[in-house]
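Open the model in your viewer and switch to a cartoon view. The stops below are meant to be selected one after another.

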Amino acid sequence: MSSSVDVNPGIGTDLSFPSSAPSDPSAPHVRRAVVRVDAGADRGDLARIWESIGFDEINWTYTATGRRLLQTFGELTDRGFHVRPHYVFCSGTGFGIPHWGNGNVYHEDAAGDAVYDFTIVDQAYDAIVEAGHHVLVELAFTPRDLLPDAADELRVTPSPTVYSSYEAGAWAYPPRDYGRWGDLVAAHARHCLERYGEQEVSTWLWELWNEPDIFYWKGTPQEFYDLYSVTARAVRSVLPGAKVGGPAVTGAGVEFLRGFLRHTRDQGDPIDFVSFHTKGSAFTPWRVYGPTGGEAPEKQNPSAHKMLFEVRRMLRVIAEFEEYRGLPAIVDECDAGVPAHYSVYDNANFQFQNTEYYPVFQVKLMKKLLDLNDTEEVRVEQATSWSFYFEGERYFEGTRAFLTAGGLEKPLLNAYRALSRLGERRVDAVSDAAHPVTLLDEADGASMPEEIDALASRSTSGTVAVLVWRHTDDQYQRDELEADVTLRVSGLDAEAYTLSHFRIDAGHSNAHTAWVEAGSPQLPTDAQLALLQARQGLEELEPARQVAVPSSEAELSVALPLPAVSLLVLEPVR
């Protein structure tokens, strides 16, 4: 067995936390918890920070599968997700492959004049808007006809997988003419305004570039800051009320972010949000060359602690600037692992992206981010899952995606179904077996241990919804015993409620488990495929039943395997 270099592309270098978390078979389990929910203790609007997705492959936005997936997300929200695709200004034919795509907007004719072509962009943005969503416009990267002379230094040998030096990374060089770049941005904004109207475009976010603190930007930091000045002013020249921001750095881009904010402040640049990214793991080696289906050289895992530490650190950098403390933070790549297009065939540690581990991790992470919002001056407004789907996959390839082959839904999608069932207002939920964000400073680089925690809400109809989970960052940890959870819900104002209990675990809401039990077929029969499709949605653990509430309080018992998340919905009987 051999492996490639030990550097995972797409993540910054940071020594605060290891790039991934090791497994610890001796770690203690949590087998008992009491969770107290006070439905009368209103904590304000429940910020739906999870209503955002993004992906590299812009040209798959408007495929039949891409459109169906966008419509599925449209069913989970009444306000729409923000959707952030890469590569809108890259040159190309409109053919997408993993981690590459192109909007092919900018060209220069024989006289050297700019020519704009929005044929591909229209298809992508139409698919997003028609599904009820809004665009997070990532203004990137440099079109081929705007490459500077310095891009000639990038030499590659063309091959079937690397067409030219442009696809290999020349697009990351700063544009040779910032004036022409500004004209391109303004033309793009004007076209969107004309096509979608002011009411729709006013909901969009406009962001320059992606992760300029690493290989996505081949210029200097100052060149990027100057490009932001040009970009933000170009957008505002067409859309005076547009929400513009950046710089979308990695979780390690602390000094780059600090320099960016200093520049925007000193230049008086428009800025309406600050964006950055975080990733929970980068496995080492990031790609293993060995027998198909081989085990990972070392058992490694995502770390929620790493992600929360990076987010908190970035929030505090923003808070250093008094002028910016009121701006929202957009974590527009917020993922347990990187890169999105790597799979269990690259490194078996990516298996978590197929299993029940990932949706429970995602629910846990969203709650912890909301808790950070309660402790920090700057608040997270969006936490984007950089996930969509991939063409040409095998069943349960293990990439970071909501769908596997044949458009079959992976368990991860059910995390978003469960979150969508929460009401408009957050209410108190306290677990005596939770691992709170206030312990971050004691983590000392370690991943988050096993916990039982909860997130609760109340809707205007009086419905109370509670998410309660058992999880550890160690994907290899299993427990033969279930944890006994006593859920005490107080502050109820009806005499009876209908209780619906949904579950995501190995045996529920899990097409992957059903696929494994069927023998992991790569050519499933019609009967097998029907069985998998029947298991892909959010499933009830038990039939709905009525619960009497004689004294405004209900006590429920929940048995949680590891990992698992239950959604309990109490709907008043009036």
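Begin with the sheet. In this predicted model, 9 strands form an open sheet with parallel pairing, in the order S15-S14-S11-S10-S9-S8-S5-S4-S16. Find its edges next: they are strand S15 (380-383) and strand S16 (385-386), each of which pairs on one side only.

Stay at the S15 edge and select residues 329-335, which are strand S14. S14 pairs with S15 in the parallel sense over 3 bridges. To see where the two strands line up, show Ala329, which stands opposite Val380 in S15.

Now select residues 134-139, strand S8. How many of its residues are buried? The count is 6 of 6, so the strand is mostly covered. Turn on the side chains. His134, Leu136 and Glu138 point one way, while Val135, Val137 and Leu139 point the other way. In a regular strand, side chains alternate between the two faces of the sheet.

Next, look at the strands that pair with S8. Select residues 82-85 for strand S5, which pairs with S8 in the parallel sense over 2 bridges. Here Val83 stands opposite Val135 in S8. Then select residues 205-208 for strand S9, which also pairs with S8 in the parallel sense, over 4 bridges. Glu138 of S8 stands opposite Glu207 in S9.

How does the chain get from S8 to S9? Add helix H3 (residues 178-201) to the selection: S8, H3 and S9 make a right-handed β-α-β unit.

Move on to the helices that lie on these strands. Select residues 119-130, helix H2, which lies across S5 and S8 and runs at about 150 degrees to S8. Then select residues 221-238, helix H4, which packs on the sheet and touches S8, S9 and strand S10 (243-249). The direction of H4 makes about 155 degrees with that of S10.

Check the length of H4 with the distance tool. At 1.5 Å a residue, its 18 residues should span 26 Å, and the end C-alpha atoms are 26 Å apart, which agrees.

Last, show the side chains of H4. Which of its residues are buried? Among them are Phe224, Tyr225, Leu227, Tyr228, Thr231, Ala232, Val235 and Val238. An α-helix has 3.6 residues a turn, so residues three or four places apart point the same way. To see what the buried residues of H4 pack against, display S8, H3, S9, S10 and helix H5 (254-267) around them.

Definitions and conventions. Residues numbered from 1 in each chain as written. Predicted model: local features only at pLDDT ≥ 70, side-chain atom pairs only at ≥ 80, totals over all residues. Heavy atoms only, no water. Buried < 20%, exposed > 50% of the residue type's maximum accessible area, 1.4 Å probe, protein only. Pairing = 2+ DSSP bridges. Right-handed = clockwise from strand over helix to strand, strands pointing away. Contact = heavy atoms within 4.5 Å. Axes fitted to C-alpha atoms, helices over the stretch in contact; angles between N-to-C directions. Expected span 1.5 Å × (residues − 1).
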